[in-house]
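Please look through the structure shown below with care, keeping the sequence at hand while you read the report that follows it.

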Amino acid sequence: MILICIMALSGISNFPLDEANALMGEKVKTYAHIVVDEAQDLSPMQVRAISRRARTGATTIAGDIAQSTGLWARNSWADILDEINTDL
């Protein structure tokens, strides 16, 4: 199963609660592969919530750093990769 991650449809309605539940060890539904578009605008908490749902870490992340806006404007992809459990 592939999850196309659209925040309003992904089943994650409360990111702070999702983060707290993860810290307490609560299990979440995972997916074989996750595809994320417009990733340049995700908060660190949103990136971690998506990362927790990637069963094996298989995630395709797309976006345009030059279009990064808002509170979580990014200077590089390293900012996002720092939040993902990866060996990259």
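## Strand, cavity and surface

Ile61 has its place in strand β3, and this residue is a useful starting point for reading the model, which is a predicted one. Ile61 is partly exposed, because its relative accessible area of 30% falls between the limits of 20% for buried and 50% for exposed. Together with Trp77 and Leu81, Ile61 makes a nonpolar surface patch of about 210 Å².

Ile61 also belongs to the lining of the largest cavity, where Val36, Ala39, Leu42, Val47, Ile50, Ser51, Thr59, Ile80 and Ile84 are found as well. The count of cavities of 30 Å³ or more comes to one, and the volume of the largest cavity is about 60 Å³. Which elements each supply at least two residues of this lining? They are α2, spanning 44-52, and β3, spanning 59-61, and the largest share, three residues, comes from α2.

The lining of the largest cavity can also be sorted by residue class, as the table shows.

| Class of lining residue | Number in the largest cavity |
|---|---|
| nonpolar | eight residues |
| polar | two residues |
| charged | no residues |

A further residue to examine is Glu38, which lies in the loop between β2 (33-36) and α2. The phi angle of Glu38 is near 60°, which is a positive value in a residue other than glycine. Is Glu38 buried, partly exposed or exposed? Glu38 counts as partly exposed, because its relative accessibility is 41%, and partly exposed residues are those between 20% and 50%.

Definitions and conventions. Residues numbered from 1 in each chain as written. Predicted model: local features only at pLDDT ≥ 70, side-chain atom pairs only at ≥ 80, totals over all residues. Heavy atoms only, no water. 1 Å grid on protein atoms, 1.4 Å probe; cavity = no way out; pocket = protein on both sides within 12 Å on 5 of 7 lines; lining within 4 Å. Points joined across faces, edges and corners; volume = space filled by probe spheres on them. Helix = DSSP H or I, 4+ residues; strand = E, 2+ residues; numbered from the N terminus. Nonpolar A, V, L, I, M, F, W, Y, C, P; charged D, E, K, R; others polar. Buried < 20%, exposed > 50% of the residue type's maximum accessible area, 1.4 Å probe, protein only. Patch = residues over 30% accessible without salt bridge, like charges linked within 9 Å, V, L, I, M, F, W, Y side chains within 5 Å. Areas by Shrake-Rupley, 256 points an atom, 1.4 Å probe, with all protein chains shown as cover. Salt bridge = Lys/Arg side-chain N within 4 Å of Asp/Glu carboxyl O.
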